[in-house]
Amino acid sequence: MCLAVPAKVIAIDGAVGRVERAGIEREVSLMLLPEAKVGDYVLVHAGFAMQIVDETDADETDALLAEMHGAPRTVELEGLH
Amino acid sequence: MTKAEERAAAQTLVAAIAEAAAGVKRQLRFMEVCGTHTVSIFRAGIRQLLPDNVELVSGPGCPVCVTPDDYMDKAIAYASHPDVIVTTFGDMLKVPGTRSSLGAAKTEGADIRIVYSPMDSLQIARDNPDKKVVFLAVGFETTAPTAAATVLAAEQAGIGNLYMLSAQKLVPPAMRALLDDPEVQVDGFILPGHVAVVTGVAAFRFLETEYHLPGVVTGFEPLQILRSLARLTRQAAAGEARVENEYGSVVHEDGNPTSRAICERVYEAVDSRWRGLGIIPRSGLAMRAEYADRDIEHVLPLAPGEVPPAKKTACRCGDVLRGVAKPTECPLFGKACTPTHAVGPCMVSVEGVCAAWYKYGREAFQFGQK
C-alpha cells in the first residue's frame with residue numbers, strides 16, 4: 001500500500017503540481033511538500049508529493065520502468081562493497 | 001549496471017552475509033514490517049539465498065491484513081446505505097468481512113468507487129451533493145497524511161459531504177508490541193522505507209536505545225534489501241545495535257515534518273485493534289473532536305444489527321502476522337484458502353504473506369535449503 005514512485009515536477013500552480021514520469025504527466029498535491037520547486041524530483045504516493053529525492057533514485061526507478069518495457073537493465077547502484 | 005554486474009553485486013552481498021553469519025552460533029531472525037518488502041523478498045528469491053542460520057520473517061506490514069474484520073463489516077454496511085458513496089483504494093475490494101466483501105457489495109449494486117488518491121474523492125463529492133462520500137482511510141504513516149490533507153482540502157473548498165471511515169495504524173507501536181511478546185523472537189528489523197519518508201529514521205531509534213536491536217531503513221530493490229541484510233547480520237554478529245539508513249536518497253533523519261503536522265491537526269493517536277496482535281496502545285489514528293463532522297461513524301452511526309457478529313475461523317492470519325507461524329502451518333493454506341478463494345486477508349492482499357508464499361514459494365520453497 002505504501003508504493004511510491006519518483007517523478008519530476010514540471011509546473012506548479014498553488015498547491016497543485018504537475019509531474020512527469022516516463023512520458024506520463026499527472027497532477028499531484030503539494031500540500032505535504034510545499035517546498036517542492038519546478039525541476040525537483042519528488043516521491044509520489046497516492047496523488048501527493050511526499051519528499052524531494054535525489055535524481056539518482058529517480059533514475060533507478062526509470063531504469064526499472066524501462067526494463068518492464070523490454071529494455072536491458074542498466075541500474076546504477078553506488079556504494080556497493 | 002548490467003544484469004551480470006548486478007548478479008555479481010548480489011553474490012558479493014550474499015557472501016558477506018554468509019561470512020558474518022558464520023561467526024554467530026545461533027539462529028538469526030530478521031523481520032520486515034512492510035508489505036512491499038515482503039513481495040520484493042519473495043519475488044527475488046532472497047530467502048533461498050541466505051545461509052541456514054539467517055531467517056527472514058514477515059511482520060504486520062500490510063495495512064489491509066492488519067485491519068480487523070469489523071472494519072470491513074462497517075465499510076460494507078455504509079456502502080449499503082442508499083445515500084452513501086464509498087471511495088477506496090483498490091486493494092480493499094476483495095478483503096473478506098464476516099459475511100461479505102466490498103467487491104460482493106459492489107456487484108449487488110452498492111456505489112463503491114476505486115480511487116488512486118483520496119483527493120479524487122473531492123470531485124466525486126462535488127458531483128454528488130446529495131450523497132455522503134466516505135473514503136476508507138486505511139494505511140500506515142505514509143498514507144495517513146494524504147487522508148488528513150484531503151480533509152483539510154475539503155474544508156478549504158467548502159465541500160461538506162466528504163467523510164472518513166478511519167482505521168489508520170502506526171508501525172512503531174506495533175513493533176514494540178511484537179518485541180514485548182515473549183512468543184516473538186526477532187534479532188533485527190528491515191525498516192519500512194516509505195513509512196520512514198514521513199516518520200524519519202528518528203521514529204525507529206527506540207530499537208537501539210530501548211531494545212538493543214539493529215534496524216536498517218531500506219528501499220525495495222533486491223540489492224537494497226540484500227545490503228540491509230548484510231548490515232543487520234554484521235551488526236548482530238558484532239553484538240551491535242544501531243539504526244542505519246540505507247535509503248538516504250529518499251529518507252531523511254527527520255522525515256517530512258509538514259506531513260506529520262497535517263496528520264496531527266486532523267488525527268490523534270488512540271489505542272487500536274490489530275488482527276492477531278489485539279489492542280495496542282496508541283497505535284491507531286482517530287479523528288480529533290474538531291473534525292467529528294467529517295467522521296462518518298460520528299455523523300451516521302450504524303445501527304447494532306448492521307454489523308454481523310464475529311465468526312470463528314481456522315485462519316491463522318493473526319499468527320502469520322506476528323511471525324510465529326508460517327503460512328504452511330495454517331490448516332487452510334493452499335487448500336480452502338487460495339488467491340482465487342481467499343479466506344483471510346493475508347491471502348487476499350497482493351502484499352499479504354500468504355499470497356506471496358503461495359505465488360512464489362509453494363513448490364520451489366525447499367530449493368536451496370540444506
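Buried describes a residue with under 20% relative accessible area, exposed one with over 50%, and partly exposed one in between (1.4 Å probe, protein chains only). Helices (H or I, at least four residues) and strands (E, at least two) are DSSP runs, numbered from the N terminus. The structure is a predicted model, in which local features need pLDDT of at least 70 and side-chain atom pairs count only at pLDDT 80 or more, while totals for chains, interfaces and linings use all residues. Residues are numbered from 1 along each chain as its sequence is written, chains are lettered from A and ligands numbered from 1 in the order in which they are written, and side-chain values use heavy atoms, with hydrogens and water left out.

**View 1. Helix H9 of chain B.** Helix H9 of chain B spans residues 171-179, and 7 of its 9 residues are buried, so the helix is largely enclosed by the rest of the structure. The buried residues of H9(B) are B:Val171, B:Pro172, B:Pro173, B:Ala174 and B:Met175, together with B:Leu178 and B:Leu179.

**View 2. The interface of chain A and chain B.** Contact (heavy atoms within 4.5 Å) involves 35 residues of chain A and 46 residues of chain B. The size of an interface is often given as the accessible area lost when the parts come together. Buried area is the accessible area (1.4 Å probe) that two parts lose on being put together, summed over both; between chain A and chain B it is about 3,300 Å², and carbon and sulfur atoms give 59% of this. On the side of chain A that touches chain B, the elements giving two or more residues are strands S3 (24-29), S4 (41-45) and S5 (48-53) and helix H1 (55-68). S5(A) gives the most to this side, with 5 residues. By residue class, the same side of chain A divides into 19 nonpolar, 7 polar and 9 charged residues. In this division Ala, Val, Leu, Ile, Met, Phe, Trp, Tyr, Cys and Pro count as nonpolar, Asp, Glu, Lys and Arg as charged, and the others, Gly among them, as polar.

**View 3. Polar pairs across the interface.** A polar contact is a pair of N or O atoms within 3.5 Å; within protein, one must be able to donate a hydrogen and the other to accept it, and residues adjacent in sequence count only if both atoms are side-chain atoms. Across the interface of chain A and chain B, 6 residue pairs are in polar contact (both at pLDDT 80 or more). A salt bridge is a side-chain nitrogen of Lys or Arg within 4 Å of a carboxyl oxygen of Asp or Glu, and the rule finds 0 of them across this interface.

**View 4. Two disulfides of chain B.** A disulfide is counted where two cysteine sulfur atoms lie within 2.5 Å, and the whole structure holds 2 over all chains. B:Cys62 is joined to B:Cys65 (S to S 2.4 Å), and both of these cysteines are buried. The torsion about the S-S bond of B:Cys62 and B:Cys65 is about 70°, so this disulfide is right-handed. The other disulfide joins B:Cys317 to B:Cys346 (S to S 2.2 Å). B:Cys317 lies in helix H15 (residues 317-321) of chain B and B:Cys346 in helix H16 (residues 345-348), so the pair ties together parts that are 29 residues apart in sequence. B:Cys317 is buried at 4% relative accessible area, and B:Cys346 is buried at 1%.

**View 5. A salt bridge between distant parts of chain B.** The side chains of B:Arg294 and B:Glu155 form a salt bridge (2.9 Å, N to O). B:Arg294 belongs to the loop between strand S11 (278-287) and helix H14 (296-299), and B:Glu155 to helix H8 (residues 144-157), 139 residues apart. B:Arg294 is buried, at 4% relative accessibility, whereas B:Glu155 is partly exposed, at 39%.

**View 6. A salt-bridge network around B:Arg227.** Salt bridges that share partners join B:Arg227, B:Arg231, B:Glu240, B:Arg242, B:Glu244 and B:Glu246 into one network. B:Arg227 lies in helix H12 (residues 222-238) of chain B and is buried, with a relative accessible area of 10%. The side chains of B:Arg227 and B:Glu246 are joined by a polar contact of 3.3 Å. B:Arg242 and B:Glu240 meet through their side chains in a salt bridge (3.0 Å, N to O). B:Arg242 is partly exposed at 37% relative accessibility, and B:Glu240 is partly exposed at 35%.
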